[in-house]
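Me: Please take a close look at one part of this model. I would like to see how a single helix sits among its surroundings.

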Amino acid sequence: MFHILVVEDNDDMRELFCTVLDGSGYHSIPASDGMDALNIMEKEYIDLIVADIMMPHMDGFELVKSLRDAGYTLPIMMVTAKDQFEDMQRAFRAGTDDYMIKPINVKELVLRVEALLRRAKISSEKRITVGSTILDYDALTVTIHGKETILPQKEFYLLYKLLSYPNKIFTRQQLMDEIWGMFSETDERTVNTHINRLRDKFSDCSDFEIVTVRGLGYKAVKNVE
């Protein structure tokens, strides 16, 4: 089940969006402003964000910029009453993926969420198949030739992220921020440790490998079509 963070300071609007998304098969998580959203993302793995712009403490522009600067690549949709082209331009330049102007049709909101998730190359079943290897996001399992392995949560999320974007290089800091949270006190050596554990566990798997890109970070390479 996809986790969608709904960032909206209006209680009624936030509740409406969460209700509609929950009823469409998603798991919604409410946040009242940008700071609340960042705190939640320290503890929860989020697949997509729906955010307002005009909010106290940290507005939508600041939220998007903070996440993109930290290396987060998840889809972000702005849903706002700000209807000026300059506001839309600022949002897209900050890193927003989609922009809806209130009042909105909630059915259209759901359609746009579906499209953003597809565009992000995330399987609608939350599964990734690489040759004979199957990653099941909800079960945190990796199955190879019918043999199932349950991974610790952080190890699974790390492998799932890398295989979701084969050949894309992720820096250690990007992986730290996205998997462990922007304000985690652990350091980059934690990523190295988890990568080494994954390599040990799947050393006999010929479907993929995790490659170290010297001076940059890591990428997953598929060895099968």
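The reply below starts with the helix and moves outward from there.

Reply: Keep in mind that this is a predicted model. The helix to look at is H6, residues 153-164.

Start with its length. H6 has twelve residues. At 1.5 Å a residue they should span 16 Å, and the end C-alpha atoms are 16 Å apart, so the two values agree.

Next, burial. Ten of the twelve residues of H6 are buried, so the helix is largely enclosed by the rest of the structure. The buried residues are Glu-155, Phe-156, Tyr-157, Leu-158, Leu-159, Tyr-160, Lys-161, Leu-162, Leu-163 and Ser-164. Two of these names, Glu-155 and Lys-161, belong to charged residues.

Now the core. The largest nonpolar core has 32 residues. Leu-135, Val-142, Phe-156, Leu-159, Leu-163 and Phe-202 touch the most other members. Several elements give two or more residues to this core: strands S6 (127-130), S8 (141-144), S11 (208-213) and S12 (217-222), along with helices H6, H7 (172-180) and H8 (189-201). H6 gives the most, with seven residues.

Phe-202 shows one link to the helix. Setting aside neighbours within four places in sequence, Phe-202 is in contact with Leu-159. Its other contacts by that rule are Val-142, Ile-144, Leu-151 and Phe-208. A second, separate core has 25 residues, including Met-41, Val-64, Ala-70 and Tyr-99.

Phe-170 gives another link. This residue lies in strand S10, residues 170-171. At 2% relative accessibility, Phe-170 counts as buried, because the cut-off is under 20%. Beyond four places in sequence, Phe-170 is in contact with Lys-161 and Leu-162, both among the buried residues of H6. Phe-170 also contacts Tyr-165, Leu-175, Leu-216, Gly-217 and Tyr-218. Take the pair Phe-170 and Tyr-218: they are 48 residues apart in sequence, yet 5.5 Å apart in space, C-alpha to C-alpha.

Last, the empty space. The model holds two cavities of 30 Å³ or more. The second largest has a volume of about 50 Å³. Its lining consists of Met-41, Glu-44, Tyr-45, Ile-46, Tyr-72, Leu-74 and Glu-178. By class, that is five nonpolar, no polar and two charged residues. Met-41 appears in this lining and also in the second core.

Methods: Residues numbered from 1 in each chain as written. Predicted model: local features only at pLDDT ≥ 70, side-chain atom pairs only at ≥ 80, totals over all residues. Heavy atoms only, no water. 1 Å grid on protein atoms, 1.4 Å probe; cavity = no way out; pocket = protein on both sides within 12 Å on 5 of 7 lines; lining within 4 Å. Points joined across faces, edges and corners; volume = space filled by probe spheres on them. Helix = DSSP H or I, 4+ residues; strand = E, 2+ residues; numbered from the N terminus. Expected span 1.5 Å × (residues − 1). Buried < 20%, exposed > 50% of the residue type's maximum accessible area, 1.4 Å probe, protein only. Contact = heavy atoms within 4.5 Å. Core = buried A, V, L, I, M, F, W, Y, C linked by side-chain atoms within 4.5 Å.
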